[in-house]
Amino acid sequence: MSNNCNKKILEDYSRVGENKITYQQLMQRLKLCRLCNHWYETNESYRCFSCKCDKNFLYLKDRSCPLPTSQW
């Protein structure tokens, strides 16, 4: 887990409109994603390579992880 990526994630999260999850929900989703073998994270980007979800999917209330073993 990179501090630069954490900063990028929080910056992206702050730009999301009304339909975003809470900060606590974001931290829980990230925790689960980071345990997944499909998750990829660098200083500048992050995404799931299996379902292709990214920040636009991760932050929204009406979304859930589409993988069969979804935790959120």
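Where is the place of Ser 14? Ser 14 sits in helix α1, and that helix makes a good starting point for a walk through this structure. Keep in mind that you are looking at a predicted model.

## Along helix α1

Several residues of helix α1 deserve a look. Ser 14 uses a polar atom of its side chain to approach a neighbour: that atom lies 2.7 Å from the backbone oxygen of Glu 11. Glu 11 also belongs to helix α1. With a relative accessibility of 33%, Glu 11 is partly exposed, because the partly exposed range runs between 20% and 50%.

Next comes Asp 12, which is found in helix α1 as well. Is Asp 12 buried or exposed? Its relative accessibility is 5%, so Asp 12 counts as buried, the limit being under 20%. The side chain of Asp 12 has a polar partner: it makes a polar contact with the side chain of Tyr 46, at 2.5 Å.

Cys 5 is another residue of helix α1. At 0% relative accessibility, Cys 5 counts as buried. Which residues does Cys 5 contact, leaving aside its neighbours within four places in sequence? They are Glu 41, Thr 42, Asn 43, Ser 45 and Tyr 46. Tyr 46 therefore appears twice in this part of the story, once as a contact of Cys 5 and once as the polar partner of Asp 12, which is itself buried.

## The nonpolar core

In soluble globular proteins, nonpolar side chains tend to be buried together. Here, the largest nonpolar core has 18 residues. Those with the most contacts inside this core are Ile 9, Leu 26, Trp 39, Tyr 46, Leu 58, Tyr 59 and Trp 72. At least two core residues are supplied by each of α1 (3-14), α2, β2 (46-48) and α3 (55-58). The largest share, four residues, comes from α2.

Leu 26 gives you a feel for how the core is connected. Apart from neighbours within four places in sequence, Leu 26 is in contact with Ile 9, Leu 10, Tyr 13, Ile 21, Leu 58 and Tyr 59.

## The largest pocket

Rolling a probe the size of a water molecule over the atoms shows where empty space is left. What is the volume of the largest pocket? It is about 190 Å³. Of the 15 residues that line this pocket, Leu 32, Cys 36, Cys 65, Leu 67 and Thr 69 are the closest to its centre. The lining divides into eleven nonpolar residues, four polar and no charged. Helix α2 (residues 23-35) gives the largest share of the lining, three residues.

Arg 34 also has its place in helix α2. At 27% relative accessibility, Arg 34 counts as partly exposed.

## Distances across the chain

To compare separation along the chain with separation in space, look at these pairs, with distances taken from C-alpha to C-alpha.

| Pair | Apart in sequence | Apart in space |
|---|---|---|
| Ser 14 and Cys 65 | 51 residues | 21 Å |
| Arg 34 and Tyr 46 | twelve residues | 10.0 Å |
| Glu 11 and Thr 42 | 31 residues | 15 Å |
| Cys 5 and Lys 61 | 56 residues | 22 Å |

Some names here are already familiar: Cys 65 is among the residues closest to the centre of the largest pocket, and Thr 42 is one of the contacts of Cys 5.

Key: Residues are numbered from 1 along each chain as its sequence is written. This is a predicted model: local features need pLDDT of at least 70, side-chain atom pairs count only at pLDDT 80 or more; totals for chains, interfaces and linings use all residues. Side-chain values use heavy atoms; hydrogens and water are left out. On a 1 Å grid over the protein atoms alone, a cavity is a set of points where a 1.4 Å probe fits but cannot get out, and a pocket is an open set with protein on both sides within 12 Å along at least five of seven lines; lining residues have an atom within 4 Å of a point. Grid points are joined across faces, edges and corners, and a volume is the space filled by probe spheres set on the points. Ala, Val, Leu, Ile, Met, Phe, Trp, Tyr, Cys and Pro count as nonpolar, Asp, Glu, Lys and Arg as charged, and the others, Gly among them, as polar. A nonpolar core is a set of buried Ala, Val, Leu, Ile, Met, Phe, Trp, Tyr and Cys residues joined through side-chain atoms within 4.5 Å. Buried means under 20% relative accessible area, exposed over 50%, partly exposed in between (1.4 Å probe, protein chains only). Contact means heavy atoms within 4.5 Å. A polar contact is a pair of N or O atoms within 3.5 Å; within protein, one must be able to donate a hydrogen and the other to accept it, and residues adjacent in sequence count only if both atoms are side-chain atoms.
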